[in-house]
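Biologist: Please pick one residue of this model and take me through its surroundings, then through the pocket beside which its contacts lead you. Give the cut-offs as you go.

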Amino acid sequence: MPPGNGKIIVLNSNGTFERKQHDTVLFRGRYFLKNQKDCDGEQKKTHFTTNETTYSWDVYIDVSAGKLTFSTPTCYADGGTSFYRKIK
């Protein structure tokens, strides 16, 4: 699938974001970042939440090797990770 087709997250430096599916904006709102220890108390990570009420954002965020990663805390039994690549 070519870049930009599918699920898109646009994070702006002023704390606003858009969640899109293809060219359709599904939600516009604000995101919040805070440093905190993971639930196992070991690693300090950047926690990402939003003001979106219809979609749960209780994840850690990281940018590494040109990829944006959202992941659940390590103590979640059925956690997961989503990867996004930069398209612009």
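**Thr-50 and its surroundings**

Modeller: A polar atom of the Thr-50 side chain lies 3.1 Å from the backbone nitrogen of Glu-52. That is a polar contact (a pair of N or O atoms within 3.5 Å, one able to donate a hydrogen and the other to accept it; residues adjacent in sequence count only if both atoms are side-chain atoms). The model is predicted, so local features need pLDDT of at least 70 and side-chain atom pairs pLDDT 80 or more, while totals for chains, interfaces and linings use all residues. Residues are numbered from 1 along each chain as its sequence is written, and side-chain values use heavy atoms, without hydrogens or water.

Thr-50 belongs to strand 4, residues 44-50; a strand is a DSSP run of E, at least two residues, numbered from the N terminus. Thr-50 counts as buried because its relative accessible area is 14% (buried is under 20%, exposed over 50%, partly exposed in between, with a 1.4 Å probe and protein chains only). Leaving aside residues up to four places away in sequence, Thr-50 touches Phe-17, Arg-30, Tyr-31, Phe-32 and Trp-57, where contact means heavy atoms within 4.5 Å. Ser-71 is 21 residues from Thr-50 along the chain, and their C-alpha atoms are separated by 15 Å.

One of those contacts, Trp-57, leads to the second largest pocket. Trp-57 lies nearest the centre of that pocket together with Tyr-55, Ser-56, Ser-82 and Tyr-84, among 20 lining residues. A pocket is an open set of points on a 1 Å grid over the protein atoms alone, where a 1.4 Å probe fits, with protein on both sides within 12 Å along at least five of seven lines; lining residues have an atom within 4 Å of a point. The volume is about 310 Å³, meaning the space filled by probe spheres set on the points, which are joined across faces, edges and corners. Strand 1 (7-11), strand 2 (16-21), strand 6 (67-71) and strand 7 (81-85) each give at least two residues to the lining.

Two of these strands also pair. Strand 1 and strand 2 run antiparallel, joined by five bridges (pairing needs at least two DSSP bridges). Ile-8 has Lys-20 of strand 2 as its bridge partner. The two strands form a hairpin with four residues between them, and Gly-15 in the turn has a positive phi of about 90°.
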